[in-house]
Amino acid sequence: MRLLVVEDDRDINRQVVTALEEAGYVADKAFDGEEGGYLGENEPYDAIILDMGLPKTDGVSVLQKWRRAGIKTPVIILTARDRWSDKVDGFDAGADDYVTKPFHMEELMARVRALLRRAAGHATSQIACGPVVLDTRSGRVFVDGNPVKLTSHEYRLLSYLMHHTGRVVSRAELTEHLYDQDFDRDSNTIEVFVGRLRKKLAVDLIQTVRGLGYLVDPNQPAPRV
């Protein structure tokens, strides 16, 4: 999953980006509304954390512009303002959730996980597909109840596919969502990681759709207890 953090306070920005990366996400950052607005409009993020009190262009205006442009990326508003009217303005502009500073990082990460789950149509922190269970809270993967050790790249790839079960995901889409904007992207590496995942999971979970990409079928048999 690839996220964008738009926050002008460099310490908070760094702390949030670090927490996201430690949780297994890819995170880009911006420090003003102009840069953040451009990135949110032109890059395919899975979610955005947006401060309201930004320089150059305020967060509400940035969010309103995204929504007018038809951009439906889930957004968490992050702000020091705690008046109820500011919360209403944020929600009316198109925000999906709201966190007031100061905040506990664990709460923000929980809200990010919940936002991503809801966007993908999942109700709990555990996503099951056949014998494979992905626990988004702990960042762990189980097959038939047994833990499987994955690298960060392998986990991000599996997480993206399991968040989007039932549809074909192209290698280009995976590359866009698994690497940050400064990474030298090569979609051929996706094939390598898929091969490693198949060996480690040892189940027929990830299907190759020739010429299109990869598919995880949600209608797999339930995990054995």
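**Exercise 1. List the residues that Asp 51 touches, leaving out those up to four places away in sequence.**

Solution. Contact means heavy atoms within 4.5 Å. On that basis, Asp 51 touches Val 6, Glu 7, Asp 8, Gly 59, Leu 78, Thr 79 and Lys 101. This is a predicted model, in which local features need pLDDT of at least 70, side-chain atom pairs count only at pLDDT 80 or more, and totals for chains, interfaces and linings use all residues. Residues are numbered from 1 along each chain as its sequence is written, and side-chain values use heavy atoms, with hydrogens and water left out.

**Exercise 2. Place Asp 51 in the fold and decide whether it is buried or exposed.**

Solution. Step one: Asp 51 lies in strand 3, residues 47-51; strands (E, at least two residues) and helices (H or I, at least four) are DSSP runs numbered from the N terminus. Step two: its relative accessible area is 3%, so Asp 51 is buried (buried is under 20%, exposed over 50%, partly exposed in between, with a 1.4 Å probe and protein chains only). Step three: an unreviewed UniProt entry annotates Asp 51 as "modified residue: 4-aspartylphosphate"; such annotations may be inferred rather than shown by experiment.

**Exercise 3. Describe the peptide bond that joins Lys 101 and Pro 102.**

Solution. Lys 101 is among the contacts of Asp 51. The bond from Lys 101 to Pro 102 is cis, with omega about -5 degrees. Pro 102 sits in the loop between strand 5 (97-100) and helix 5 (105-120). Most peptide bonds are trans.

**Exercise 4. State the phi of Lys 56 and where this residue is found.**

Solution. Lys 56 is not a glycine, yet has a positive phi of about 70 degrees. Its place is the loop between strand 3 and helix 3 (59-68). With a relative accessible area of 64%, Lys 56 is exposed.
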